[in-house]
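Visitor: I should like to take a close look at a single part of this protein and then see how its surroundings are arranged. Please consider the following entry.

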Amino acid sequence: MIEESLTGPRTRRIIWVGAGVLAAGLLIDQLRALLSFGRSHTDQDQTILWYAGRELLSGKFYEPNFFGQRYNTTFEAIPGALLHAAGLPWGTALPAATTLLVTLIWVLLAATAYRLGQPIAALLALAAPLLMRVQYVLLFDAPRGVLAGDCAAALAMAIGLAARRHQTRVFSLVAIGGLAILWDYAAALAVVPVLVYVVCSDWPRYRRRAGQTVRLVAVATLPPLAWLLFTITWWSAHHSYLIYPAAASSLHWSVWVNNFDHLSAYVSYFAPALAPVAGVAVFLLASGIVLVMVLAVRRRSLPLLLANCSLLVLLLLALTSTSALLPGLYLAGSRILLPLPLAAWFLCFAALDTAKRTRTQTQGPPRTNQHVIAIVVVATMSLIVTQINFSTVATRSITPTVGVSIANPTQLSAYCAALTRVYRSTDAQLLATNNVNYAYGCAADDGLNTLIPTFYDRRGWLIQASLREPIQRILVSVPNCSYVAPSAGQCTPEPVNVVLVRSHPVPAAHTLDRITGAHVMLGTWHLPNTR
């Protein structure tokens, strides 16, 4: 990557003014998402992260991935846990941390481009979240277990593009980028094209020192390889904790044809705010890939051509997914391609970098001022449109979906506080509830021992403990004692729609099996009814 001083003082002033306007717009956009949506809506993925953040901050590490599954992680909960420790409630702390990390991703890419003498690419990084429709902001800002991978991908991209030494560039992309892909498979969309571009650009240097390059790459693969081997070993020893299946995909041609026919469902959230139509997103994606291909051929840029082809191949592979696509925010198809805008920004950067490298005197200087003004104007118009439509779109995006439990964080914390008072006053040892947000949220808020009997509790170690460890006093979230068989033990009604069941010292699963609607389940298995 070539560093050049930017053009004259007037152009630099225009660039900095444009950057200030876009940065302010980005801040407004992210704050609106946090204040109007993030802190007033939560779901079980987020309450799991509340609980994971509490446990990680206290030094308790239960699973390498997002609880109950072999993909994603809970690492993004750590910044939120730090904010919670500073006094913020979980319903604000976690989305605030996520919003901050998302903002830093775009700022980091903008700073990287500016350092490399690409002011237009820098402005595009700041403008990207403003140009897309409201749903993308809500989806990217929502804590989901993928942000650790996306942050690592952005860091790998920044170092891979901006580092002065070519060894550092490839090392960061292999080491950090490899971890990013293991933490979020979709991060490959952002990392791999950059790796291809950088390696092809620096290929003469690597070829001159082939032995050193091989050793460097071998060392760089150690962190992702160590993580991969650790997770394989861990899951082999804790297979019963695997409550949810891995991300599903199939290479069968019929799956690919069906998904390609529904491509708009995967890219609809990336449509521009000024034309929030899925077909527009498909057109922009296809035309962008074609235009970059044409530029690469005309400028004879093999790095740009191969980087573009690698992204195209990854998109085609992503379309082998068999995961459910449902209306609304939580199971939208765009979640499978969430880092795609990072990849699109990189192609813009690479195209501008290629154009600058190969520009001839007859082509004249670039029209930087006009481009800056155009980006700022379109981004500002997009921001105005999204802010006008924000409440309507956000409300419509919260579509009730099977398997997704939505709650208000303030009301959830208030209920957990009332429940905690009952839990402490009765000296209960366990709270059994089928409300997933109560189970995870109350465990995070107040440290209660909780269990989800009939739905699949993602905390496999707690399910196992319920089968082995004897306890005597269980709070059960049922309306009254008619749900409790006499053989379960002595039942006492308590406030907040729970009952206290006192039994002989037996594993919790045995007691719960004698309560209607409280049979402990693990995957497709449940404890036989022995009543």
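Which residues form one aromatic cluster together with Tyr51?

Guide: This is a predicted model. The aromatic cluster that contains Tyr51 also has Tyr62, Phe67, Trp234, Trp235, Tyr241 and Trp461 as members. A charged residue accompanies this group: Arg459 sits over the face of Tyr51, 5.1 Å from the centre of the ring.

The packing of nonpolar residues comes next. In soluble globular proteins, nonpolar side chains tend to be buried together. The largest nonpolar core here holds 89 residues, and the members that touch the most others are Leu22, Trp106, Leu337, Trp345 and Phe346. Helix H5, spanning residues 119-131, supplies 9 residues to this core, the most of any contributor. A second core, separate from that one, comprises 34 residues, and Tyr241 is among them, as are Trp50, Cys416 and Val498. Tyr241 is also a member of the aromatic cluster described above.

Phe346 may be followed further. Residues up to four places away in sequence being set aside, Phe346 touches Met157, Leu161, Pro193, Val194, Tyr197 and Ala307. Pro193 is also touched by Ala188, whose other contacts beyond four places in sequence are Ile181 and Leu314. Ala188 belongs to helix H9, residues 188-201, and it is buried because its relative accessible area is 12%, under the 20% limit. Between Ala188 and Ala237 there are 28 Å, C-alpha to C-alpha, at a separation of 49 residues in sequence.

Aromatic pairs form the next topic. A pair of aromatic rings is described by the distance of the centres and the angle of the planes. The model contains 18 aromatic pairs. In one of them, Tyr136 and Phe140, the ring centres are 5.5 Å apart and the planes meet at 40 degrees, so the pair is classed as tilted. These two residues are about one helical turn apart, because they are 4 residues apart in helix H6, residues 134-141. Tyr136 and Phe140 are both buried.

Another pair is Trp227 and Phe230, with ring centres 5.7 Å apart and planes at 55 degrees, so this pair is tilted as well. Both residues lie in helix H12, residues 222-237, with a spacing of 3 residues, about one turn of the helix. Their exposure may be set side by side: Trp227 counts as buried at 14% relative accessibility, whereas Phe230, at 34%, counts as partly exposed.

Among the helices, H4 deserves a separate remark. It covers residues 90-115, has 26 residues, and reaches 37 Å from its first C-alpha to its last, close to the 38 Å expected at 1.5 Å a residue. After H4 comes Gly117, which has a positive phi near 75 degrees.

Positive phi values also occur at residues other than glycine. Asn72, which is not a glycine, has a positive phi of about 60 degrees, and its place is in the loop between helix H2 (44-57) and helix H3 (77-85). Asn72 is buried, its relative accessible area being 10%. Asp427, likewise not a glycine, has a positive phi of about 55 degrees. Asp427 is located in the loop between helix H19 (409-425) and strand S3 (430-432), and at 55% relative accessibility it counts as exposed.

Asp427 leads to Arg473, which touches Thr426, Asp427, Ala428, Gln429, Leu430, Leu500, Val501 and Arg502, residues up to four places away in sequence not being counted. The side chain of Arg473 also reaches the backbone oxygen of Thr426, at 2.7 Å. Arg473 is part of strand S5, residues 470-476, and counts as partly exposed at 25% relative accessibility. Arg473 lies 9.0 Å from Ala508, C-alpha to C-alpha, although 35 residues separate them in sequence.

A further acidic residue completes the account. Asp43 lies in strand S1, residues 42-43, and counts as buried at 2% relative accessibility. A polar atom of the Asp43 side chain lies 2.8 Å from the backbone nitrogen of Asp45. Leaving aside neighbours within four places in sequence, Asp43 is in contact with Arg144, Tyr330, Val404, Ser405, Ile406 and Asn437.

Terms used:
Residues numbered from 1 in each chain as written. Predicted model: local features only at pLDDT ≥ 70, side-chain atom pairs only at ≥ 80, totals over all residues. Heavy atoms only, no water. Buried < 20%, exposed > 50% of the residue type's maximum accessible area, 1.4 Å probe, protein only. Polar contact = N/O pair within 3.5 Å; in protein donor to acceptor, adjacent residues only side chain to side chain. Contact = heavy atoms within 4.5 Å. Core = buried A, V, L, I, M, F, W, Y, C linked by side-chain atoms within 4.5 Å. Phe/Tyr/Trp six-rings, centres within 6.5 Å; stacked < 30°, edge-to-face > 60°. Lys NZ or Arg CZ within 6 Å of the ring centre and 35° of its normal. Expected span 1.5 Å × (residues − 1).
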